[in-house]
Amino acid sequence: MSLVTCLLSMGMAAQIFVEPMGPVAACGDLNLPVTFSTTDVFNPGNVFTVELSDSTGSFALPTVIGSAVGTGAGSISCTFPAGIGGGGWAIRVTASDPAQIGDAYALPITTVVPPNAGLSSAVTVCSNSGPVQLLNLLAGSPDVGGTWSGPLGPMNGTFDPAADPAGPYQYVVDATPPCLLETAILSVAVVLAPNAGTSNSITVCSSDPPFILLNLLDGSPQVGGSWTSLAGNPSPNFFLPGTDMPGCYTYTVPGMAPCANDAATLCIMVTDAIDPGEDFTITQCGGPPIDMQAGLLPGGTWTYLGVEHSNLFTPGVDPPGSYVYTMPPTPSCSGASVTATMLVYMPPNAGGNATVNWCASFGALDLFAQLGGNPDPGGAWTDDSGTGALSGDMFDPAGVPSGTYTFTYTVMVNGVCLPGQATVTVVNTAVCMVPPQTNDPVE
């Protein structure tokens with residue numbers, strides 16, 4: 001049992017008294033002197049202590065608000081904490097040598113806890129960070145329950161960087177008199193988040209042309225990022241099917257603090273194209289049917305001018321030109337094709353050689369009609385003997401002396417086959433009585 005408790009239990013009267021204090025109201029802690037008087041004289045080194053009760057006046061767990069060394073009445077500088085008043089609060093003065101406890105004195109003092117709006121500050125948020133509570137971004141330890149207003153007027157304190165404008169946001173905490181309301185300003189800046197687009201997976205054909213990787217990402221990726229392979233190695237922004245390695249490529253756009261980097265992945269699968277063979281050209285004159293399929297991958301279809309055709313090319317029946325062999329398409333690959341350029345012609349037919357006995361009096365002779373067989377039309381005649389009497393197909397012997405004259409018929413159909421030639425020999429007689437040796441009309 002302490003000495004003070006022992007003295008009280010013996011019924012000893014207190015000898016220390018707090019002098020009356022005037023009513024005071026303050027915002028926050030209050031520094032005031034507490035004046036007291038004593039009826040006894042205390043020993044040198046004695047310490048007077050001012051104790052504050054709880055709100056019910058109990059000194060079971062008193063709060064020391066000031067102390068001083070002294071042997072008699074005096075004044076002690078004390079700090080009254082914010083939040084006292086409204087009745088029930090009391091103080092007393094105790095002494096240490098000899099130990100005494102003074103009378104409790106009901107306080108006429110009110111100290112109001114001041115509002116705390118935090119400290120004005122500035123923050124930067126990322127545009128994709130999602131809604132945030134502005135109170136959590138203020139510096140200090142702001143009280144809850146205040147009101148917010150921003151560039152667009154009053155608001156609920158939730159800031160959505162995707163919708164709310166950047167700028168100053170004011171936080172106001174109301175107060176109980178004699179305290180005044182408190183205000184803090186939070187300046188909010190918004191940094192645009194990077195956009196790498198959305199990941200995508202594609203399948204291409206090994207025969208496809210090169211393409212730009214960025215164009216195959218979904219969304220609207222921004223330029224200026226960098227590509228890396230699955231192994232993390234730098235990669236260009238293009239892909240060459242059939243040459244570059246299939247797999248997943250990551251596109252990363254760096255973010256400006258506080259925004260993190262953004263990344264999207266493009267996974268590329270490559271389907272091998274079917275190679276039916278190489279284009280080829282066959283140039284020849286005549287010959288047996290040709291198998292255009294020889295050496296090509298089976299399973300395709302032949303066409304000529306878009307019309308289906310067999311794989312056999314028959315000279316003299318099938319026209320020269322381009323014959324296309326097409327394989328059916330596979331996933332991601334269109335049907336591959338081969339073009340066979342067939343420059344195969346039938347040799348020209350100039351007919352058979354002939355000899356005609358002709359009399360000048362019979363008139364002009366149609367040389368083409370004298371050729372044997374079935375000669376091709378459209379050829380050209382040459383006056384081998386230089387008679388000067390040849391015009392087109394017609395030989396006019398008028399004025400030509402008797403004699404034997406030769407005329408050659410030449411047919412040229414292309415640059416592949418050799419020209420076809422046949423000769424008509426005319427035995428011309430200036431005057432004769434025998435009828436013509438031809439069924440052709442005599443002009």
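## Three cross-links in the chain

Let's start with sulfur: Cys 27 and Cys 179 are joined in a disulfide, with their sulfur atoms 1.9 Å apart. Keep in mind that this is a predicted model. The link ties together distant parts of the chain, with Cys 27 in strand β2 (residues 24–27) and Cys 179 in the loop between β16 and β17 (182–191), 152 residues apart. Now for the twist about that bond: the S-S torsion of Cys 27 and Cys 179 is about 110°, so this disulfide is right-handed. How well hidden are its two ends? Cys 27 counts as partly exposed at 36% relative accessibility, while Cys 179 counts as buried at 6%.

In total, the count comes to five disulfides. Another one of them joins Cys 248 to Cys 267, and here the sulfur atoms sit 2.0 Å apart. With 100° about the S-S bond, this link is right-handed. Cys 248 belongs to strand β23 (residues 247–253) and Cys 267 to strand β24 (residues 262–271), so the pair ties together parts that are 19 residues apart in sequence. As for Cys 248, it counts as partly exposed, at 25% relative accessibility.

Then there is the disulfide of Cys 285 and Cys 417, whose sulfur atoms are 1.8 Å apart. The torsion about the S-S bond is about 110°, so the disulfide of Cys 285 and Cys 417 is right-handed. This pair links distant parts of the chain: Cys 285 is in strand β25 (residues 280–285), Cys 417 is in the loop between β37 (403–411) and β38, and 132 residues separate them. Is each end buried or partly exposed? Cys 285 is partly exposed, with a relative accessible area of 36%, whereas Cys 417 counts as buried at 7%.

One more cysteine to look up is Cys 78, which is buried because its relative accessible area is 1%, and the cut-off for buried is under 20%.

## A five-stranded sheet

Next, find the open sheet built from five strands, in the order β11-β17-β16-β13-β14, with mixed pairing. Which strands sit at the edges? They are β11 (121–126) and β14 (153–155), each of which pairs on one side only. Going from one strand to the next, the twist averages 30°.

Zoom in on two neighbours in that order. Strand β13 (residues 147–150) and strand β16 (residues 167–173) run antiparallel, and three bridges join them. If you want a pair of residues to click on, try Trp 148, whose bridge partner in β16 is Tyr 171.

## Rings that pair up

Aromatic rings are fun to hunt for here, since the structure holds 15 aromatic pairs. Take Phe 313 and Tyr 323: their ring centres are 5.5 Å apart and their planes are at 85°, so the pair is edge-to-face. The cut-off behind that label is an angle of over 60 degrees between the planes. This pair links distant parts of the chain, from Phe 313 in strand β29 (residues 312–313) to Tyr 323 in strand β30 (residues 321–326), 10 residues apart. Both Phe 313 and Tyr 323 are buried.

Rings can also join up in a bigger group. Phe 36, Phe 42 and Phe 48 are linked into a cluster by ring pairs.

## Asn 428 and its neighbours

Now head over to strand β38 (residues 420–429), where you'll find Asn 428. Is Asn 428 buried or exposed? At 2% relative accessibility, Asn 428 counts as buried. A polar atom of the Asn 428 side chain lies 3.2 Å from the backbone oxygen of Val 400.

Who else touches Asn 428? Setting aside neighbours within four places in sequence, its contacts include Trp 358, Cys 359, Ala 360, Pro 397 and Val 400. Also among them are Pro 401, Ser 402, Gly 403 and Tyr 405.

## A long way from Trp 358

Trp 358, one of the contacts of Asn 428, is in strand β32 (residues 354–359). Trp 358 is buried, with a relative accessible area of 1%.

For a sense of distance, pick out Thr 39 too. How many Å separate Trp 358 from Thr 39? They are 181 Å apart in space, C-alpha to C-alpha, and 319 residues apart in sequence.

Technical notes:
Residues are numbered from 1 along each chain as its sequence is written. This is a predicted model: local features need pLDDT of at least 70, side-chain atom pairs count only at pLDDT 80 or more; totals for chains, interfaces and linings use all residues. Side-chain values use heavy atoms; hydrogens and water are left out. Helices (H or I, at least four residues) and strands (E, at least two) are DSSP runs, numbered from the N terminus. Buried means under 20% relative accessible area, exposed over 50%, partly exposed in between (1.4 Å probe, protein chains only). Two strands pair if DSSP finds at least two bridges between them. Axes are lines fitted to C-alpha atoms, for helices over the stretch in contact, and angles run from 0 to 180 degrees between N-to-C directions. A polar contact is a pair of N or O atoms within 3.5 Å; within protein, one must be able to donate a hydrogen and the other to accept it, and residues adjacent in sequence count only if both atoms are side-chain atoms. Contact means heavy atoms within 4.5 Å. Rings of Phe, Tyr and Trp (its six-membered ring) pair if their centres lie within 6.5 Å; planes under 30 degrees apart count as stacked, over 60 as edge-to-face and the rest as tilted. A disulfide is a pair of cysteine sulfur atoms within 2.5 Å.
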